[in-house]
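Let's take a walk through this fold, strand by strand. Keep the structure open beside you while you read.

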Amino acid sequence: MLRAIVLVSVVVLHLAAGWPTGAPSKACEAMLPKHGSNRPQPAHSSPYSFVQSTDSYRPGDQVIVYVQAPTGTPFKGMMVQAYDPRSNNTIGEFLEGVGLKKIPECASMSHSDNRDKKSATLVWVAPQDSGNVRFRGTIVQQFNTFYHGLSATVQKV
Ligand SMILES: *[C@@H]1O[C@H](CO)[C@@H](O)[C@H](O)[C@H]1NC(C)=O
């Protein structure tokens, strides 16, 4: 059972006040959308699966990050950030993808539109060294419902 409730901070936006076309670089730090007075839902209650293919890398490796809606509840947006678990610094970069928007300032990826989605697959490319990488995220279900402080779980082989 891969009911991976992850701890990634995927920041999703919304129609009026949010990020209909993806998170801006000023969201790098907090990974939170400005959705009026709405507060994030706790990460443990997220209905979304947030999984990374591995947590260690060598130069140029690709690590895949999957965001999925196993219960069928779609999401509108997200923000996923890669970081070194020891230093907490953001590392590496994501590859461009359909429906995705890079935030190169902080090794992050967001959505490029706010249509309902059932999944997103992100490809992260390692820097020129070896180490460990983790992903955190925010997932926006809809304007007043978003999950913050999510951490990706590592896929079991
Ligand atoms: C790691 O960095 C993020 C983003 O800047 C920050 O929100 C978080 O508090 C930091 N965590 C630690 C343990 O310093």
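## The big picture

The chain has zero helices and 13 strands. Bear in mind that what you're looking at is a predicted model. Read along the sequence, you get the pattern β-β-β-β-β-β-β-β-β-β-β-β-β.

How much of the chain is buried? Buried residues come to 43% of the 157 residues in the chain. As for contacts with a separation of 6 or more, 74% of them are between residues 24 or more positions apart.

## A five-stranded open sheet

Five strands make up an open sheet, and if you go across it the order is S6-S9-S4-S2-S13. The pairing in this sheet is mixed. At the edges sit strand S6 (93-94) and strand S13 (153-154), each of which pairs on one side only. As a quick reminder, strands of a sheet pair through backbone hydrogen bonds, either parallel or antiparallel.

Strand S4 is a good place to zoom in. Strand S4 (residues 62-68) pairs with strand S9 (residues 119-125) in the antiparallel sense, over seven bridges. Two of the facing positions are worth finding on screen: Val-67 stands opposite Ala-120 in S9, and Val-63 stands opposite Trp-124 in S9. S4 also pairs with strand S2 (residues 49-52), again antiparallel, over four bridges. There, Gln-52 has Val-65 in S4 as its bridge partner.

Which residues of S4 point to the buried face? The side chains alternate along the strand, and Val-63, Val-65 and Val-67 point to one face and are buried. Gln-62, Ile-64, Tyr-66 and Gln-68 point to the other face and are not buried. So the three valines of that buried face are the ones you just met: Val-67 opposite Ala-120, Val-63 opposite Trp-124, and Val-65 as the bridge partner of Gln-52.## S11 and its partners

Now move on to strand S11 (residues 134-142), which is mostly covered: eight of its nine residues are buried. S11 pairs with S5 in the antiparallel sense over seven bridges. S11 and strand S12 (residues 145-151) pair in the antiparallel sense too, over five bridges. A hairpin through two residues joins S11 to S12.

Ile-139 is a handy landmark here. Met-78 stands opposite Ile-139 in S11, while Tyr-147 in S12 is the bridge partner of Ile-139.

## Two loop residues with positive phi

Two loop residues deserve a look for their backbone angles. Asn-88 is found in the loop between strand S5 (77-83) and S6. Its phi is near 70°, a positive value in a residue other than glycine. Is Asn-88 buried or exposed? Asn-88 is exposed, because just 9 other C-beta atoms lie within 10 Å, and the cut-off for exposed is 12 or fewer.

The other residue is Ala-107, in the loop between strand S7 (100-103) and strand S8 (108-111). Phi of Ala-107 is near 45°, and here too the value is positive in a residue other than glycine. Why does Ala-107 count as buried? Ala-107 has 23 other C-beta atoms within 10 Å, and 20 or more is what it takes, so Ala-107 is classed as buried.

Conventions. Residues numbered from 1 in each chain as written. Predicted model: local features only at pLDDT ≥ 70, side-chain atom pairs only at ≥ 80, totals over all residues. Pairing = 2+ DSSP bridges. Contact = placed C-beta atoms within 7 Å.
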